[in-house]
Amino acid sequence: MKINAKILANFINKATASCTITDCLLNFNPEGLCIAVKDMTSTGAIQSKLIRSNFSDYSEMKATLKDTLRLLNALKNISGLVTLSIESNVFKLTSDELDIDLIMPAEQYLECNLSEDGEQKLFSQLAFDEGFEVEASKLILAKRNTQTLGIKSLNAKVQDGIFYIRTGEESFDKFT
């Protein structure tokens with residue numbers, strides 16, 4: 001099966017939230033490439049599909065990835081078409097300039113993958129309310145806190161009806 005490497009890279013990047021979802025199952029089913037994943041904390045999930053018409057010589061298969069960032073970086077080194085195949089427990093990407101062999105872990109060892117049962121269970125557990133307003137000044141302050149601590153991310157949560165934004169890491173400096 002073949003696809004333009006840039007199209008596949010763009011899809012993998014979006015389907016894994018810029019590779020914050022670290023592993024996944026690439027399910028090449030009759031409709032196309034489907035990925036259903038959750039984040040490590042099980043607070044968010046992504047279902048995505050790259051329709052079959054993006055591929056040529058399409059065939060159904062399943063490939064497990066332990067490191068989505070490694071796949072994304074490999075695809076960025078390929079221009080033009082890439083051929084995807086599986087041999088034994090190896091996911092193979094072949095192009096005119098590069099051949100890549102990625103060892104596939106057993107599906108049960110994937111931490112972010114959602115099986116169909118897992119998808120239904122997770123989505124039934126996710127409860128959404130109507131949301132709430134946050135003053136922009138609070139978000140600006142949180143951004144300044146990340147700059148002060150020299151980090152690029154923060155954690156947000158609602159606990160006992162109070163919205164908390166924490167910048168920092170466990171066992172290190174934190175601003176809340």
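These exercises, each with a worked solution, concern a predicted model.

**Exercise 1. Cysteines**

Task: Determine how many disulfides the structure holds, and account for C19 and C24.

Solution:
- Start with the cut-off: a disulfide needs two cysteine sulfur atoms within 2.5 Å.
- Take C19. The closest cysteine sulfur is that of C24, and it lies 8.7 Å away, too far for a bond.
- Take C24. Its nearest cysteine sulfur belongs to C112, at 8.6 Å, and C24 is in no disulfide.
- The count for the structure is 0 disulfides.
- Now check burial, which means under 20% relative accessible area. C19 has 10%, so C19 is buried. C24 has 0%, so C24 is buried.

**Exercise 2. Strand β5**

Task: Find which strand pairs with β5, in what sense, and how β5 sits in the structure.

Solution:
- Locate β5 at residues 61–65.
- Identify the partner. Strand β2, residues 24–29, pairs with β5 in the antiparallel sense. The pairing runs over 5 bridges.
- Pick out one bridge: F28 is partnered by M61 of β5.
- Assess burial. Of the 5 residues of β5, 4 are buried, so the strand is largely enclosed by the rest of the structure.

**Exercise 3. Lysine K92**

Task: Decide whether K92 is buried or exposed, and describe its surroundings.

Solution:
- Place the residue: K92 belongs to strand β7, residues 90–94.
- Compare areas. The relative accessible area of K92 is 17%. The limit for buried is under 20%, so K92 is buried.
- List the contacts, leaving aside residues up to four places away in sequence. K92 touches T83, L84, S85, E87, I100 and D101.
- Examine D101. Its side chain joins that of K92 through a polar contact of 2.8 Å.

**Exercise 4. Helix α4**

Task: Work out the span of α4, which residues are buried, and what they pack against.

Solution:
- Count the residues: α4 covers 136–149 and has 14 of them.
- Check the span. From first C-alpha to last, α4 reaches 20 Å, close to the 20 Å expected at 1.5 Å a residue.
- Name the buried residues of α4: A142, N145 and T146. They cover an arc of only 100 degrees around the axis, so they lie on the same side of α4.
- Turn to the other side, where K143, Q147 and T148 are exposed.
- Find the packing partners. The buried residues of α4 pack against β10 (162–168) and β11 (174–175).
- Step past the helix end. Just after α4, G150 adopts a positive phi of about 70 degrees.

Methods
Residues are numbered from 1 along each chain as its sequence is written. This is a predicted model: local features need pLDDT of at least 70, side-chain atom pairs count only at pLDDT 80 or more; totals for chains, interfaces and linings use all residues. Side-chain values use heavy atoms; hydrogens and water are left out. Helices (H or I, at least four residues) and strands (E, at least two) are DSSP runs, numbered from the N terminus. Buried means under 20% relative accessible area, exposed over 50%, partly exposed in between (1.4 Å probe, protein chains only). A polar contact is a pair of N or O atoms within 3.5 Å; within protein, one must be able to donate a hydrogen and the other to accept it, and residues adjacent in sequence count only if both atoms are side-chain atoms. Contact means heavy atoms within 4.5 Å. The expected span of a helix is 1.5 Å times one less than its number of residues. The arc is that of the directions from the helix axis to the C-beta atoms. Two strands pair if DSSP finds at least two bridges between them.
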